[in-house]
Amino acid sequence: MLRLGIPVIGVTDLPRAVTFWTEALDLVAAEEWRSETWRTLHHADGSGRALALMLSDSPPEPRPRLHLDLFTDSAEEQRAEVDRLTALGARPVDWQLYPPRPDFVVLSDPDGNLFCVVDLSNAPSGGGPVP
């Protein structure tokens, strides 16, 4: 039976990416499948795989069709997380495609891969936090 595995992010500096993403998402670098070109990151609570990092020569896409959304439950939490991620090495992106009242902030990781920090309390669905 086919099942979804884990998202994989292409990076140019594997140790730097491991440091950023483990600190950003409270993950731990696992020995599973470890090589000079691959690291699997697990949830710190031991619940399994969360993300993989793969050495890549290709540049990040300026408007990727697939990206990570990181969720927060309020505007205050979103601001705090954007500040924390920026302190870890993320960079704000001058995103020309924001809607009039965006519920997300676009950042790039230290390798230039884009991701969003989404305030679920302001999400278009209006449904608030996802359980």
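## A tour of two pockets and a hairpin

By class, the residues lining the largest pocket of this structure are 13 nonpolar, six polar and three charged. Keep in mind as you look around that the model is predicted.

**Stop one: the largest pocket.** Start by selecting Val8, Ile9, Gly10, Leu66 and Asn113, which lie nearest the centre of this pocket among its 22 lining residues. Next, colour strand E1 (8–11) and strand E8 (114–119), the elements that each give two or more residues to the lining. E1 gives the most, with four residues. If you would like a volume to go with the view, the largest pocket comes to about 510 Å³.

**Stop two: the second largest pocket.** Now select Pro7, Leu25, Asp26, Leu27, His43, Ala44, Ala50, Leu51, Leu68, Asp69 and Leu70, the residues that line the second largest pocket. The space here is about 190 Å³. Show strand E4 (49–55) and strand E5 (68–72) as well, since each supplies at least two residues of this lining. E5 gives the most, with three residues. Colour the lining by class and you will find eight nonpolar residues, one polar and two charged.

**Stop three: the hairpin.** Finally, select residues 27–35 for strand E2 and residues 38–43 for strand E3; the two strands pair in the antiparallel sense over five bridges. Together E2 and E3 form a hairpin, with two residues between them. To see one of the bridges, pick serine 35 and then its bridge partner in E3, tryptophan 38. While the strands are on screen, try showing side chains: in a regular strand they alternate between the two faces of the sheet.

Key. Residues are numbered from 1 along each chain as its sequence is written. This is a predicted model: local features need pLDDT of at least 70, side-chain atom pairs count only at pLDDT 80 or more; totals for chains, interfaces and linings use all residues. Side-chain values use heavy atoms; hydrogens and water are left out. Two strands pair if DSSP finds at least two bridges between them. On a 1 Å grid over the protein atoms alone, a cavity is a set of points where a 1.4 Å probe fits but cannot get out, and a pocket is an open set with protein on both sides within 12 Å along at least five of seven lines; lining residues have an atom within 4 Å of a point. Grid points are joined across faces, edges and corners, and a volume is the space filled by probe spheres set on the points. Ala, Val, Leu, Ile, Met, Phe, Trp, Tyr, Cys and Pro count as nonpolar, Asp, Glu, Lys and Arg as charged, and the others, Gly among them, as polar.
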